[in-house]
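Work through the exercises below with the structure open. Try each task before reading its solution.

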Amino acid sequence: MAGSELSGPAGEFHLLLAALRADRADVASYSRVLSETLGDALPPGMVEVERRRSFADRVAGRAGQPVEVRVSAPQQQLVLTATGSGDIACEVRQVVRGVVISRRSTELEEWLTVLTNELQALAGRDAKARDALSRLLDGS
């Protein structure tokens with residue numbers, strides 16, 4: 001994939017989507033991928049992770065267990081929430097001028113597709129993000 005650009009990103013973004021699909025374990029896995037792995041490629045504040053910190057976490061100085069991941073795009077907010085049963089609840093929220101006007105529960109597959117579309121749109125309008133995503137997807 002070296003030398004390919006995100007201006008024709010379908011294959012590269014499908015690889016990212018496949019990697020995210022393969023690691024369906026839990027909200028913690030997605031928070032790592034979205035905030036750490038993609039963190040350099042995404043604008044500041046685009047990914048927010050809500051954590052639950054136990055007393056032991058506070059004493060040990062640990063960040064705590066991720067319970068929700070929010071990816072904010074100009075007109076959508078994508079939310080993954082850990083459920084009590086250990087599953088993941090997925091939601092796509094429509095946003096107008098910073099206000100959520102609708103919420104729709106989705107399956108993880110659809111959520112990942114919407115995320116991939118948002119990343120493609122970001123790469124199309126932000127050269128820095130495009131370069132960082134390209135490096136990430138090329139493995140360099």
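The exercises go from the whole chain to strands and then to single residues; the model is a predicted one.

**Exercise 1. The overall layout**

Task: State how many helices and strands the protein chain has, and what pattern they follow along the sequence.

Solution:
- Step 1. Count the elements: there are 5 helices and 5 strands.
- Step 2. Read them in order: the pattern is α-α-β-α-β-β-β-β-α-α.
- Step 3. Add the cover: buried residues make up 39% of the 140 residues.
- Step 4. Add the surface: the chain exposes about 7900 Å² of accessible area, and carbon and sulfur atoms account for 50% of that.
- Step 5. Check contact range: of the contacts between residues at least 6 apart in sequence, 44% link residues at least 24 apart.

**Exercise 2. The partners of strand β3**

Task: Find which strands pair with β3, and in which sense.

Solution:
- Step 1. Locate β3 at residues 76-82; 5 of its 7 residues are buried.
- Step 2. Take β2 (residues 65-72): 5 bridges join β2 to β3, and the two run antiparallel. Arg70 faces Val79 in β3.
- Step 3. Look at the turn: β2 and β3 make a hairpin with 3 residues between them.
- Step 4. Take β4 (residues 88-96): β4 pairs with β3 over 7 bridges, again antiparallel. Leu78 faces Val92 in β4.
- Step 5. Look at the second turn: 5 residues separate β3 and β4 in their hairpin, and Gly86 has a positive phi near 90°.

**Exercise 3. Val114 against the strands**

Task: Decide whether Val114 is buried or exposed, and list its contacts beyond four places in sequence.

Solution:
- Step 1. Place Val114 in helix α4, residues 108-125.
- Step 2. Apply the cut-off: Val114 has 13% relative accessible area, and under 20% means buried. So Val114 is buried.
- Step 3. List the contacts: Gln76, Leu78 and Val92. Leu78 and Val92 are the pair that stand opposite each other across β3 and β4.
- Step 4. Compare separations: Val114 and Gln76 lie 38 residues apart in sequence, with 9.4 Å between their C-alpha atoms.

**Exercise 4. Asp57 and Val99**

Task: Classify Asp57 and Val99 as buried, partly exposed or exposed.

Solution:
- Step 1. Asp57 sits in helix α3, residues 55-60. Its relative accessibility is 12%, so Asp57 is buried.
- Step 2. Beyond four places in sequence, Asp57 touches Arg52, Arg62, Gly64 and Gln65.
- Step 3. Val99 belongs to strand β5, residues 99-106. Its relative accessibility is 49%, so Val99 is partly exposed.
- Step 4. Val99 joins Val96 and Ile101 in a nonpolar surface patch; together the three have about 260 Å² of accessible area.

Note on methods. Residues are numbered from 1 along each chain as its sequence is written. This is a predicted model: local features need pLDDT of at least 70, side-chain atom pairs count only at pLDDT 80 or more; totals for chains, interfaces and linings use all residues. Side-chain values use heavy atoms; hydrogens and water are left out. Patches are made of residues with over 30% relative accessible area and no salt bridge: like charges are joined within 9 Å, nonpolar side chains (Val, Leu, Ile, Met, Phe, Trp, Tyr) within 5 Å. Accessible areas come from the Shrake-Rupley method with a 1.4 Å probe; for residues, only the protein chains shown count as cover. A salt bridge is a side-chain nitrogen of Lys or Arg within 4 Å of a carboxyl oxygen of Asp or Glu. Helices (H or I, at least four residues) and strands (E, at least two) are DSSP runs, numbered from the N terminus. Buried means under 20% relative accessible area, exposed over 50%, partly exposed in between (1.4 Å probe, protein chains only). Contact means heavy atoms within 4.5 Å. Two strands pair if DSSP finds at least two bridges between them.
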